[in-house]
Amino acid sequence: MAKKLAAVLGTGQTHHRAKRTDVSMPGLLREAIDRAMADAQVGWPDIDAVVLGKAPDLFEGVMMPELFLADALGATGKPLLRVHTAGSVGGSTALVATSLVQAGVHRRVLTVAFEKQSESNAMWALSIMPPFQMPVGAGAGGYFAPHVRSYIRRSGAPEHIGSMVAAKDRRNGALNPFAHLRQHDITVESVQASAMLWDPIRYDETCPSSDGACAMVIGDERAGEAVPGGAAWIHATAMRTEPTTFAGRDQVNPQAGRDAAAALWREAGITDPLSEVDAAEIYVPFSWFEPMWLENLGFTPEGEGWKVTEAGETALGGRLPVNPSGGVLSSNPIGASGMLRFSEAAKQVMGRAGDYQVDGARVALGHAYGGGSQYFAMWVVGSAKPGR
Amino acid sequence: MRDVAVAGFAQAPNVRHTTGTTNGVEMLVPIFAEVLTRTGLSKKDIGFFCSGSSDYLAGRAFSFISAVDAIGAFPPIHESHVEMDAAWALYEAWLKIRTGEVDTALVYGFGKSSAGQLRRVLALQLDPYTVAPLWPDSIGIAGLQARLGLDAGLWTEKDLAEVAARSRADAARNPYAQVSGTVEVSELLTEPYVADPLRAHDIAPVSDGASVVILASADRAKDLVERPAVITGIEHRVDSPVLGARDLTRAPSAENAGKAAETHDVEVAELHAPFTHQELILRTALDLDHRVRINPSGGVLTGNPMFAAGLARIGEAATRIFTGEAHRVLAHATSGPALQQNLVAVLEG
């Protein structure tokens with residue numbers, strides 16, 4: 001492999017809220033960018049290129065918004081790329097930025113992802129009726145509820161697992177000053193008492209709709225070595241895609257996710273993920289996806305992810321803290337949600353996660369998925385250079 | 001870092017209207033088959049897939065997900081997508097091959113502009129707070145740009161008509177072109193204005209279409225095509241979106257991308273100029289003199305499938321190398337209002 005080393009030099013994010021009417025899109029982006037550049041201790045002349053990602057343009061009602069945002073992104077006069085791979089886009093955007101460094105094209109790349117759902121109406125944007133396709137008509141929750149029911153039936157998981165995940169992630173979110181939902185007093189019982197939205201998914205087991213942005217500066221080996229306290233070295237990356245529907249497709253445990261994870265662990269030199277990974281930021285928009293993705297990612301055998309959750313091993317202080325930042329269940333600016341997972345993983349191995357820092361985290365996973373559980377993007381970052 | 005080459009190219013006919021869906025599948029399936037047959041590859045030989053398209057053009061969210069059905073993506077594939085012309089998808093694939101992560105890539109773009117009113121759809125690329133609400137459409141903005149050049153004495157309406165006449169004459173030899181034929185400049189100049197000072201011949205037609213390129217490491221490409229087109233430089237830049245803050249008669253992003261890509265001594269240039277005056281801006285920006293053959297395909301003035309046309313310029317330029325007609329060629333792609341964003345590639349045989 002001719003890949004050059006790449007590392008996260010710094011990260012930044014906005015305060016995520018349902019409606020950030022106090023800022024325009026450029027203002028929202030700059031909040032995340034300015035924090036990331038300060039965290040990375042870089043100025044505009046240090047940035048060689050900008051890579052922007054977001055979910056469908058219909059979510060803001062602007063076609064290819066990176067064009068009008070070029071000045072605000074500091075991209076004018078520089079290369080600017082725009083990635084869109086559905087809900088996984090925040091992750092795949094970070095991976096495109098990484099490949100610019102790995103390919104030896106640039107030394108420092110700014111990567112940004114955002115969604116400002118309050119500018120338009122995501123439900124409208126998703127309520128399209130393309131020919132020859134089954135309309136969803138019930139939002140993402142309606143789409144994924146049958147997958148969750150199928151998981152419960154196949155695994156025999158007890159009913160309270162989803163509520164446990166929701167209570168844990170929201171309590172973690174209360175430790176994160178940027179989180180949209182910060183519910184330190186939420187309990188399994190209060191989750192179970194919340195309204196049923198799409199059986200078996202309850203209101204408190206559902207991600208919010210957020211305005212927000214996330215940014216990272218990714219640099220080459222020399223830039224990484226200069227980071228005070230240590231950069232987050234990128235050990236492995238993977239992306240896989242499969243079609244939305246076809247006969248025999250396993251939508252609960254999709255092949256694309258399993259293939260991506262297998263490639264990821266192989267590149268990272270990890271043979272026992274549950275033992276070797278110290279923290280995981282996994283894209284969990286509905287609580288039950290925690291055990292589902294634990295299995296899909298190969299942390300546990302199929303049908304046993306819920307046991308790790310039930311034993312409390314995914315809580316802060318457990319064997320594998322999952323979503324110590326609060327995850328998608330606490331903040332969901334769709335296009336940025338994947339990049340938040342990637343950057344929160346980086347913050348853990350850089351020791352910059354504040355009140356939700358996992359003690360001694362040296363290896364962390366960032367994971368994103370999108371579409372009908374068919375687009376996967378993931379990375380492994382470490383406090384040491386790969387192979388050390 | 002290793003070299004990367006264009007090893008194959010195919011395109012759908014550029015037409016005013018197709019009956020297929022806006023996710024491009026009907027246009028993509030035949031050209032995937034064509035380019036794979038020509039290179040002797042099958043789907044499982046492709047290390048990375050990357051596409052360029054626009055949800056706004058398709059009038060729906062996630063149109064690129066449906067386009068994946070044209071591949072038949074199971075077992076799962078390594079795949080990505082840019083919400084840009086597919087020339088930038090080619091750039092992403094070029095990175096992947098350079099890193100050594102993959103050896104081959106299939107890059108595609110598609111656009112069914114007939115699904116909406118293109119000039120109004122493109123108006124939604126403008127600043128949504130201060131500019132888009134006024135609905136200056138893409139042809140209106142290009143008209144302002146052309147007027148600035150006329151007033152500055154940089155070109156005349158006759159210069160513009162000459163670009164159109166040459167493009168249409170060249171397109172007569174391009175079976176995929178939508179518009180072609182022999183026209184007299186003097187006749188073109190008697191036509192009415194569409195958006196003063198632009199006449200119909202100054203404006204790229206509204207087209208449906210798709211294009212696909214096979215990229216491979218330079219070593220692998222030798223097995224796929226007799227004369228691979230090795231990418232010796234590929235660069236892109238963006239200019240400010242603030243129309244009033246730019247000198248619209250220039251394209252600094254094209255100039256700087258061209259300088260970085262080292263465009264000297266090219267014999268042929270395929271320029272993505274959807275308006276006649278924009279070809280003149282680009283020829284100046286890229287320092288292309290009379291010795292350089294411009295747009296032997298006829299260019300996008302004779303067929304302009306959005307999000308596929310920039311990639312097709314790279315494919316057309318590479319074809320000049322495949323056929324042995326040229327040894328060093330330039331390909332260019334543009335995006336955004338008034339040549340805001342530009343990509344320049346130099347290929348060698």
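Let's start with chain B and its two domains, whose C-alpha centres lie 22 Å apart. Please keep in mind that this is a predicted model. The domain assignment puts residues 4-117 and 206-229 of chain B into domain 1, and residues 118-204 and 232-348 into domain 2.

How many residues does each domain bring to the contact between them? Domain 1 of chain B brings 37 residues, and domain 2 of chain B brings 31. On the domain 1 side, the elements that give two or more residues are β1 (4-11), α2, α4, β4 (104-112) and β7 (208-217) of chain B. The largest share of that side comes from α4(B), with 6 residues. By class, the domain 1 side divides into 20 nonpolar, 13 polar and 4 charged residues.

Hold on to α4(B), please, since we meet this helix again where the two chains touch. Here 51 residues of chain B are in contact with 52 residues of chain A. On the chain B side, α2 (55-58), α3 (63-67), β3 (79-82), α4 (86-98) and β8 (229-238) each supply at least two residues. Once more α4(B) gives the most, this time with 5 residues. The chain B side divides into 23 nonpolar, 15 polar and 13 charged residues.

Now for the interior. In soluble globular proteins, nonpolar side chains tend to be buried together. In this model, the largest nonpolar core has 251 residues. Those with the most contacts inside this core are Val112(A) and Val381(A), together with Val6(B), Leu90(B), Val107(B), Leu215(B) and Leu347(B). And which helix gives the most to this core? That is α4(B), with 10 residues. Both domains of chain B take part, each supplying at least three residues to the core.

Let's zoom in on one of those well-connected residues, Leu347(B). Setting aside residues up to four places away in sequence, Leu347(B) touches Val6(B), as well as Ala229(B), Val230(B), Ile231(B) and Thr232(B). Its other contacts are Ala317(B), Ala318(B), Ile321(B), Val329(B) and Ala331(B).

A second residue to look at is Ala67(B), which is found in helix α3 of chain B. Is Ala67(B) buried or exposed? Ala67(B) has 24 other C-beta atoms within 10 Å, so this residue is buried. Leaving aside neighbours within four places in sequence, Ala67(B) is in contact with Asn23(B), Gly24(B), Val25(B), Leu28(B), Ser51(B), Ser53(B) and Phe110(B). To get a feeling for distances, compare Arg291(B): its C-alpha atom is separated from that of Ala67(B) by 41 Å, and the two residues are 224 apart along the chain.

Next comes helix α10 of chain B, residues 252-261, where 7 of the 10 residues are buried. Those buried residues are Ser253(B), Ala254(B), Glu255(B), Asn256(B), Ala257(B), Gly258(B) and Ala261(B). They pack against β8, α11 (276-285) and β12 (341-348) of chain B. Just after α10(B), Glu262(B) takes a positive phi of about 60°.

Let's finish with a helix pair in chain A. The axes of α2 (residues 89-102) and α13 (residues 334-350) of chain A come within 5 Å and cross at roughly 60°. With that angle, α2(A) is oblique to α13(A). From α2(A), the contact uses Val89(A), Gly90(A), Gly91(A), Thr93(A) and Ala94(A). On α13(A), the residues making the contact include Gly335(A), Met339(A), Leu340(A) and Phe342(A). Taken by class, this helix contact has 6 nonpolar, 6 polar and 1 charged residues. Thanks for listening!

Methods: Residues are numbered from 1 along each chain as its sequence is written. Chains are lettered from A and ligands numbered from 1 in the order in which they are written. This is a predicted model: local features need pLDDT of at least 70, side-chain atom pairs count only at pLDDT 80 or more; totals for chains, interfaces and linings use all residues. Axes are lines fitted to C-alpha atoms, for helices over the stretch in contact, and angles run from 0 to 180 degrees between N-to-C directions. Helices (H or I, at least four residues) and strands (E, at least two) are DSSP runs, numbered from the N terminus. Angles under 35 degrees count as roughly parallel, over 145 as roughly antiparallel, 65 to 115 as roughly perpendicular and the rest as oblique. Two residues are in contact if their C-beta atoms, placed from the backbone, lie within 7 Å. Ala, Val, Leu, Ile, Met, Phe, Trp, Tyr, Cys and Pro count as nonpolar, Asp, Glu, Lys and Arg as charged, and the others, Gly among them, as polar. A residue is buried if 20 or more other C-beta atoms lie within 10 Å of its own, exposed if 12 or fewer, and partly exposed in between; C-beta atoms are placed from the backbone. Domain bounds come from an automatic or database domain assignment. A nonpolar core is a set of buried Ala, Val, Leu, Ile, Met, Phe, Trp, Tyr and Cys residues joined through C-beta atoms within 7 Å.
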